[in-house]
Amino acid sequence: MAQRRIPRPFNLLWGGGRIVEEASIEGGLHAPSLQLMRYETGEKAGQLAIRFAAYDPEGELERRSLIINERELRPLRKELDRTPRLKALLRQLLEDDE
């Protein structure tokens, strides 16, 4: 799978910015991707967000739900080792606040 350049821009209705980290694998029918997005414009400016995305075989962003099967978990976790800020935010998703 060809690596997409990082950082790269994104634009959404509520703001735009840059994808600053990405963990992505080739998954068969699509390439599951976890992206750390940093908003630079719009109502979300200054915020970080995680996008769960998938790319089709031609490298275009799919406009549907991301589905990751269990055999893709280990390779995707290995890719997350290259994305320390994204990995830290995902860890917060799993930790208890207590």
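Throughout this tour, contact means heavy atoms within 4.5 Å. The model is predicted, so that local features need pLDDT of at least 70 and side-chain atom pairs count only at pLDDT 80 or more, while totals for chains, interfaces and linings use all residues. Residues are numbered from 1 along each chain as its sequence is written, and side-chain values use heavy atoms, with hydrogens and water left out.

Begin by selecting Glu62, which sits in the loop between β4 (48-55) and α1; helices (H or I, at least four residues) and strands (E, at least two) are DSSP runs, numbered from the N terminus. Leaving aside residues up to four places away in sequence, Glu62 touches Leu29, His30, Ala54, Tyr55 and Asp56. Glu62 counts as buried, because its relative accessible area is 12%, where buried means under 20% relative accessible area, exposed over 50%, and partly exposed in between (1.4 Å probe, protein chains only).

Add Arg64 to the selection, and the side chains of Glu62 and Arg64 are seen to meet in a salt bridge at 3.2 Å, N to O, the term standing for a side-chain nitrogen of Lys or Arg within 4 Å of a carboxyl oxygen of Asp or Glu. Arg64, at 55% relative accessibility, counts as exposed, whereas Glu62 is buried.

Where else do salt bridges occur? By this rule the count comes to seven salt bridges, and several can be visited in turn. Select Arg38 and Glu40, whose closest N and O atoms are 3.2 Å apart in a salt bridge; Arg38 is partly exposed at a relative accessible area of 31%, and Glu40 is also partly exposed, at 40%. Next, select Lys87 with Asp81, a salt bridge in which the closest N and O atoms are 2.5 Å apart; Lys87 counts as partly exposed, with 26% relative accessibility. Finally, select Arg4, Arg8 and Glu22 together, since these are linked in a network of salt bridges.

Now turn to the interior and select Val20, Ala23, Ile25, Leu34, Leu36, Ala54, Leu66, Leu76, Leu80, Leu86 and Leu90, the 11 residues of the largest nonpolar core. Such a core is a set of buried Ala, Val, Leu, Ile, Met, Phe, Trp, Tyr and Cys residues joined through side-chain atoms within 4.5 Å. At least two residues of this core come from each of β2 (15-24), β3 (31-39), α1 (70-80) and α2. Centre the view on Leu66, which touches His30, Pro32, Ser33, Leu34, Phe52, Ala53 and Ala54, not counting residues up to four places away in sequence.

From the core, move to Leu94 in helix α2 (residues 84-94); Leu94 is exposed, with a relative accessible area of 73%. Together with Phe52 and Leu93, Leu94 makes a nonpolar surface patch of about 380 Å². Patches are made of residues with over 30% relative accessible area and no salt bridge, like charges being joined within 9 Å and nonpolar side chains (Val, Leu, Ile, Met, Phe, Trp, Tyr) within 5 Å; accessible areas come from the Shrake-Rupley method with a 1.4 Å probe, and for residues only the protein chains shown count as cover. Drawing a distance from Leu94 to Gly46 gives 23 Å, C-alpha to C-alpha, for two residues that are 48 apart in sequence.

For the last stop, select Ile6 and Pro7. Is the peptide bond between Ile6 and Pro7 cis or trans? The bond is cis, with omega near -5°, and Pro7 belongs to the segment before β1 (8-12). Most peptide bonds are trans.
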